[in-house]
Amino acid sequence: MRGADYVLKRTVFAIITVFVALTLNFVLFRAAPGDATSSLRGCRNCTPEFRDALYAELGLDKSKLEQYWIYLQGLAQGDLGLSFVSRQPVWDELRDPILNTLPMVGLGYLFSIVFGILVGVIAAWRRGTFADWGGLLSALVFYSLPTQWLGLMLLILFSGVLPSSGISDPFIEFTDPSTWEVILDRLEHMILPSLTLGLVLYGEYALIVRSSMLETLGEDYILTARAKGLANWAIVWKHAFRNALLPIVTLVALTLGYVVAGAILVEAVFSYPGIGLVTYEAIFSRDYPVLQGAFLILTLSVVVANYIADLLYFRLDPRISA
Amino acid sequence: MTKRVLWFLALLALVVAAASCGGDDDEDGTATGTGTTETDEGGNVVEGGILRIGTTGEIDSLNPFVAFNSESYQAFVIMYPLLVQYSPEFEWEGDWAESWETSEDGLTWTFNLRPGEWSDGTPLTAEDAVWTGETVLKYAKGPTSILAPFLANVETLSAPDPQTLVVTYSTPVGNVLPQLQQFFILPKHIWEPKMGNDGKGLKAFNPQDELPVVGAGPFVVTQFDGKGTTIFEKNPTYYGPAPHVDAVGYQHFENEDALLTAFQGGELDFVEEVPPNAVGTLEANDELVVNKVDSTQINNFIFNSNPKKPENTELLEPQVREAFEYAINRDEIAEVVWGGNARPVASIVAPITGMWMNPEIQPLPYDPDEGNRILDELGYARGSDGIRVANGHKMEYEIITPTGVQGIQRTFEIVQKGFDELGVKVTPNALDDTTAFEAIGAPDWQYLDFDMSMWSWVGYLDPDFVLSVLTCDQYGGWSDTGYCNPEYDDLYKEQGITVDQEARKEIVWEMQDIMQADRPYIQLVVVDYITAWRNNWDGFHPDLIAYSKLPWTDPHQVE
């Protein structure tokens, strides 16, 4: 039963990681100077009594340990607490942004997988040719560009052609739009942020796919296939690509988690109202509960993606379960 | 990207500030129609349409007891009735008040109000003003502390009839109308049920939970998203002249580049705050109009002036501060950082305030040699590495540079270069605005830890507010210097209750003299307020933003 062992080990490891991350989320933000009653916000020139009342209201008057305990208790019941700024439940604050982020990230992700694999495979198959150099160069360039800079460049490049910010045309309601027009408008607003995210990931994928493919293409069984007189596409897709898939699947699953976190930069450039932008704003207002909630989601997405990668590995690589 | 903090800090404080530019407070005001009387240079007025405004700022709340950013205060000005406002000539005119009278002793002010109703059909009466005023006074040390300074020295408010409001003061006040220009009148029937225990509910209430938000101004909020777009639609029940446009969309951008790209790409009609380095690009585009007006925003250099400061006490010496001023090249800051859209100044009271600025106070020339001479004379000799030694330690300091202040990094570099010539080594401590302000007050608003910082103040046409930031009462409040001087405080109180404006001017000038001698700040440059709009629009009044309803009711498209 080595398989069950493996799954159990991975599961325990994932749970421990989440717990450590939860604790770090709690400690890190409180270590930053200032708090939600900072005089720039909320409590300027107010009496010490009022400030104390505010502390009590936000639960900041209790010891850090007590706050931590309350935080854990809440989490156990699925309660993320109330935002310090809006006084609304954190989950309500995060739900819409998450729903905004997912399709945008999904689109970029899809773009990168399709083009990353395509370019990677072609580059490997046509190694040393112009196609290889072109693919390699574009992959290296996009991989090394800072996300926010790439975003700004796309923004300037498509000025006047594609909308530069937000998630929808704020005035569309005044034009009595059809459902189709509303969807189209959303898609238009999604293109630039998705493309930014997609291009950066594309670079990474293309490079990994290329090197993984090069390795398998050099194997003896490829030579055998060729000797059997198989068509090129059959050799590449059926024999080489399948075997090169292992590191690619891992990478794709792994980056899934980071993609959500990477949304912070992209959303800040395009003022896209997703989870990244909420996190960014919450940092400035020291809104601990919202930060904890957002980071919990980011952490969970990374850990879950890792976990899935581990399990997929188990499924794809017989050497692990054997 | 966050907004310049002190711009909104100060707007918030319009409160305390502001006085008439002419001292015509005790004249009767006659209301004049706003908006439609302007002649148009650009062609025929096209009624209707949507005015799309872009900003990197954000309406942080629609609750006046919570809101902090200047954008929120602009929104309140058009959502709620105000008794008075500034006219385009910067004289007083009625907003909701049709006219007003003052009693002989200056203690009682009677406002005759226009008939009107709230956007939900409830009558708008003097009772709403009484309730708002009394609530603000009642919880002034708690939930309503933000708005309380507007009603400083107010004793009672009463409504002898629905169209008359009487405000009585405990002492004659020199700037009644400027104060009341920021007194937003809230709908009693909406707010009273939300007050809760000890008024705590006032802060917890989110007006946007029920849309459209009930107001009585020219526009009502029909959609609110501070980090996205907030939509203001024309309010048919408004008591004043109707706005030209059907709606105003106020769109938030996370960064300036995205904002300017959207503007140039035709997605916006008006940009509220143009970065100086973008002026050239926008001016080159014939579809756009760039407008610059004088502002009261002055960027400054701050010394920790708390005499109890335990370390680096040489920085408390006025001569050291004078030497430092000689090493700051203000012309270079105005040219390089602000692209020429700024001018050197020395007083915290801006030139645009007219009579209130003390003309005797002028910037010292950039002259590092003179600075070196002063430091040599003080005996702070250079060590072998070229850095001076004072009181047994090297003159090496950290300067807190809040990242939200526009152009601060470049300004710091110019200051640093100058200080190098003095043999004084400075390094930046870049912190986000909230953290920077905490670091200045540390520990716990005792102002003991920091040495120097850089920031800015935006004052009002009346000097009261910018003068107040140096008073002892502002420890833990607006103070960013830890300065406290009883003599200065006495003068501050005196100017507040001096009704004769000439006499008040003398006091205000004397206060600026004290500031110059003690140098809690070195004022660097006063910067232009730059806006831009598309050339198929007209009727903008950038200088009246937050002072009047006109900047939102008058803009219109032209043919």
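**Note on a predicted two-chain model**

1. From the N terminus on, the elements of chain A run α-α-α-α-α-α-α-α-α-α-α-α, which comes to 12 helices and zero strands. The model is a predicted one, and the remarks below should be read with that in mind. Along its principal axes the C-alpha trace of chain A spans about 85 × 60 × 35 Å, and of its 322 residues 39% count as buried. Among the contacts in chain A that join residues at least 6 apart in sequence, 73% are between residues at least 24 apart.

2. Chain B combines 17 helices with 26 strands. Its C-alpha atoms fill a box of roughly 80 × 55 × 45 Å along the principal axes, and 54% of its 559 residues count as buried. For a chain of 559 residues a compact globule would have a radius of gyration near 24 Å, and chain B, at 24 Å, agrees with that expectation. In chain B, residues 24 or more positions apart account for 72% of the contacts with a separation of 6 or more.

3. Where do the two chains meet, and which elements of chain A are involved? The contact takes 33 residues from chain A and 35 residues from chain B. On the side of chain A that touches chain B, the elements that give two or more residues are α6 (147-157), α9 (232-270) and α10 (275-284) of chain A. By class, this side of chain A has 17 nonpolar, 11 polar and five charged residues.

4. One of these elements, α6(A), also packs within its own chain against helix α7 (residues 179-217) of chain A, and the two axes come within 9 Å and cross at roughly 135°. Angles over 145 degrees would count as roughly antiparallel and those from 65 to 115 as roughly perpendicular, so α6(A) and α7(A) are oblique to each other. The crossing in which α6(A) passes α7(A) is right-handed. From α6(A), the contact is made by Thr147(A), Leu150(A), Gly151(A), Leu154(A) and Leu155(A), and from α7(A) by Leu192(A), Leu195(A), Thr196(A), Leu199(A) and Val200(A). By class, this contact has seven nonpolar, three polar and no charged residues. As background to the spacing of such residues, an α-helix has 3.6 residues a turn, so residues three or four places apart point the same way.

5. A second element from the side of chain A that touches chain B, α10(A), packs against helix α4 (residues 90-125) of chain A, with axes that come within 7 Å and cross at roughly 135°. α4(A) and α10(A) are therefore oblique to each other as well. The residues that make the contact are Glu93(A), Leu94(A), Pro97(A), Ile98(A) and Thr101(A) of α4(A), together with Ile275(A), Gly276(A), Leu277(A) and Val278(A) of α10(A). By class, the contact of α4(A) with α10(A) has six nonpolar, two polar and one charged residues.

6. Some backbone details deserve a look, given that most residues other than glycine have a negative phi, and most peptide bonds are trans. Ser271(A), in the loop between α9 and α10 of chain A, has a phi near 45°, a positive value in a residue other than glycine. Is Ser271(A) buried or exposed? Ser271(A) counts as buried because it has 24 C-beta neighbours inside 10 Å, where 20 or more are required.

7. In chain B, Asn312(B) has a positive phi of about 50° although it is not a glycine, and this residue lies in the loop between β16 (297-303) and α9 (318-326) of chain B. With 19 C-beta neighbours inside 10 Å, Asn312(B) counts as partly exposed. The helix that bounds this loop, α9(B), has as its buried residues Val320(B), Arg321(B), Ala323(B), Phe324(B), Glu325(B) and Tyr326(B). These buried residues pack against β16, α11 (368-377), α12 (408-422) and β23 (521-527) of chain B, and β16 is thus an element that both borders the loop of Asn312(B) and packs against α9(B).

8. A cis peptide bond should also be checked in chain B: the bond from Leu211(B) to Pro212(B) is cis, with omega near -5°. Pro212(B) lies in the loop between α6 (201-204) and β11 (219-223) of chain B.

Definitions and conventions:
Residues are numbered from 1 along each chain as its sequence is written. Chains are lettered from A and ligands numbered from 1 in the order in which they are written. This is a predicted model: local features need pLDDT of at least 70, side-chain atom pairs count only at pLDDT 80 or more; totals for chains, interfaces and linings use all residues. Two residues are in contact if their C-beta atoms, placed from the backbone, lie within 7 Å. Helices (H or I, at least four residues) and strands (E, at least two) are DSSP runs, numbered from the N terminus. Ala, Val, Leu, Ile, Met, Phe, Trp, Tyr, Cys and Pro count as nonpolar, Asp, Glu, Lys and Arg as charged, and the others, Gly among them, as polar. The radius of gyration is taken over C-alpha atoms; the globule rule is 2.2 Å times the number of residues to the power 0.38. A residue is buried if 20 or more other C-beta atoms lie within 10 Å of its own, exposed if 12 or fewer, and partly exposed in between; C-beta atoms are placed from the backbone. Axes are lines fitted to C-alpha atoms, for helices over the stretch in contact, and angles run from 0 to 180 degrees between N-to-C directions. Angles under 35 degrees count as roughly parallel, over 145 as roughly antiparallel, 65 to 115 as roughly perpendicular and the rest as oblique. A crossing is left-handed if the near helix is turned anticlockwise from the far one by less than a right angle, and right-handed if clockwise.
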